[in-house]
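This report describes selected helices and strands of one model and how they pack and pair. Please read it alongside the sequence and the coordinates.

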Amino acid sequence: MPGIAPEVIVPAGISYQGIDMRIAIIGGGIAGLAAAYELETARASNPGLSYTLFESRDRLGGAIGSDVVNGSVLERGPDSFLTEKPAAAELCRELGLGPELLPSNDAERKTFIVIKNRLVPLPDGLMFLVPTKLLPTAMTRLFSLRTKIRMGLELLHPPRPSQEDESVAALVERHFGHEAVERLADPLLSGIYGGDAAQLSARTVLPKLVEMEVEYGSLTRGMLAAHKKMRAAMAARAQGAGANGPNSPVPRGIFTTLRGGLQRLVDAITARLDPLAIRLSAPVDAIERAADGWKVTSGGVTDTFDGVIIASPAWAAGALLSRVDALLAEDLAGIPYSSSITVNLVFDESKIGPLPDGFGFLVPASSGRAMLACTFAHRKFLGRAAPGKAVLRAFLGGMRNEALMSEPDNVLVATVRRELSEILGARVIGPQMEPEFTQVNRWRRAMAQYAVGHQDRMKRINDRVAALSGIELAGNAYDGIGIPDCIRLGRKAAKQLVASSL
């Protein structure tokens with residue numbers, strides 16, 4: 001997928017010294033913080049470079065936030081990032097947080113799907129949405145016999161030429177049937193995007209599967225071929241490094257977090273920034289062209305900048321750019337968003353029954369429940385919960401249940417406790433088993449949805465932004481929703497603006 005704007009290549013050996021440039025950053029979430037950090041780093045060798053970071057809230061970090069309650073780390077928003085995307089871990093190491101990086105406890109990684117109040121484990125050999133092992137697929141209770149037969153016959157699918165974009169649901173149903181959408185694709189993607197598989201873009205969300213369908217026809221054959229290549233590459237790297245040598249591959253978890261909470265990343269970046277460059281509780285009211293750059297108005301005060309990085313949600317970016325480029329603003333405002341709620345509950349393990357093995361469970365929308373998923377956080381990352389405590393993180397909201405955002409905290413906690421009792425059983429977490437601590441966090445219109453046609457929309461956005469000298473976009477609405485994506489795009493936006501002035 002193309003980036004936010006055509007990349008400016010800075011020739012090797014050229015420094016940023018001698019630049020006289022003022023840059024505004026709008027939005028103090030992780031993308032805006034990453035942009036500010038990049039500019040602060042460049043400013044160390046170039047005093048003529050300056051920036052101002054505008055944040056509408058009274059704190060930085062956006063949806064990232066952590067609390068330590070009686071020795072247990074509780075995440076208000078995301079609890080980790082994908083290890084395979086390097087930007088977040090690289091930034092952590094630059095900030096001196098390398099020793100705090102903590103991989104997920106993949107030895108106990110097991111995920112369940114709730115089917116008629118029963119927890120059914122995902123079958124072995126399932127690579128995201130594609131079954132690759134015959135026996136586990138045949139034996140699982142997750143799918144009916146009809147769906148299992150269809151999965152076996154999927155091996156016979158002929159290659160299919162790439163056509164117009166379609167939904168993830170359409171792609172999965174064509175190969176594996178509607179039940180696979182309902183019980184697999186929808187809950188998995190709802191847990192990641194808070195979205196609806198019938199609305200999400202296959203080309204954007206699952207580009208590898210789209211490519212496999214073109215080349216192999218069968219997604220199962222394509223996934224097996226990709227897995228074979230990956231294993232061969234890993235074996236070659238291991239042989240080159242030496243099986244037990246100092247450069248041998250280090251086992252990594254699928255997810256990575258910080259031992260003391262992801263707030264540590266926000267705090268570490270903030271500590272590197274110029275305090276005088278940060279303006280909290282300072283929403284930006286307008287952006288306008290100026291003869292010598294861009295006028296940014298906040299709190300009735302207008303400043304002029306040479307460049308602007310808009311790291312706010314796309315709907316907010318669209319509102320700010322409405323008087324600059326109406327077509328660009330319309331495309332930005334058209335990117336859908338969902339809201340989400342996290343409910344943290346801390347239990348004394350000795351006062352509840354034994355939880356199922358694994359990291360937690362996902363809840364299909366067809367179940368009619370409020371919960372989308374629940375993570376056993378004390379299992380996912382070892383050492384972040386106080387001894388003898390069980391930390392459960394429930395997720396609610398999403399595209400289908402926006403009304404929950406207006407429910408009071410006590411109603412949301414009661415709903416989660418009731419559904420946990422129904423799903424896990426009253427002997428595990430019954431109505432009489434009171435949590436020691438509860439915490440509710442609401443994130444309104446925080447999760448961008450990559451709807452069908454997203455890549456076409458991004459091409460239009462890229463073209464319009466490229467025509468606006470001095471404007472860059474960053475955030476989770478464009479080219480990846482995770483923390484590493486936001487960091488990558490924030491740092492790239494800063495580099496683009498500085499390089500454009502050379």
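The expected span of a helix is taken as 1.5 Å times one less than its number of residues, where helices (H or I, at least four residues) and strands (E, at least two) are DSSP runs numbered from the N terminus. The model is predicted, so that local features need pLDDT of at least 70 and side-chain atom pairs count only at pLDDT 80 or more, whereas totals for chains, interfaces and linings use all residues. Residues are numbered from 1 along each chain as its sequence is written, and side-chain values use heavy atoms, with hydrogens and water left out.

**Helix α1.** For the 14 residues of helix α1 (residues 30-43), a rise of 1.5 Å a residue gives an expected span of 20 Å, which agrees with the 20 Å between its end C-alpha atoms. Because 12 of these 14 residues are buried, α1 is largely enclosed by the rest of the structure; buried here means under 20% relative accessible area, with exposed over 50% and partly exposed in between (1.4 Å probe, protein chains only). Among the buried residues of α1 are I30, L33, Y37 and E40, and the elements against which its buried residues pack include β1 (21-26), α10 (263-272) and α17 (483-500), contact being heavy atoms within 4.5 Å.

**Helices α4 and α5.** Helix α4 (residues 145-153) packs on helix α5 (residues 168-176) at an angle of about 90°, the axes being 8 Å apart. The two are therefore roughly perpendicular to each other, a class that covers 65 to 115 degrees, beside roughly parallel under 35, roughly antiparallel over 145 and oblique for the rest. T147, R150 and M151 of α4 meet E173, R174, H175 and F176 of α5.

**The sheet.** Seven strands form an open sheet with mixed pairing in the order β8-β7-β18-β19-β20-β17-β21, two strands being paired if DSSP finds at least two bridges between them. Its edge strands, β8 (118-121) and β21 (437-448), each pair on one side only. Three antiparallel pairs are listed below, each with one bridge.

| Strand pair | Bridges | One bridge |
|---|---|---|
| β17 and β20 | 9 bridges | D348 and K389 |
| β19 and β20 | 5 bridges | F376 and L392 |
| β17 and β21 | 9 bridges | I341 and R442 |

Strand β20 (residues 389-397), which pairs with both β17 and β19, is mostly covered, with 8 of its 9 residues buried.

Note on methods:
Axes fitted to C-alpha atoms, helices over the stretch in contact; angles between N-to-C directions.
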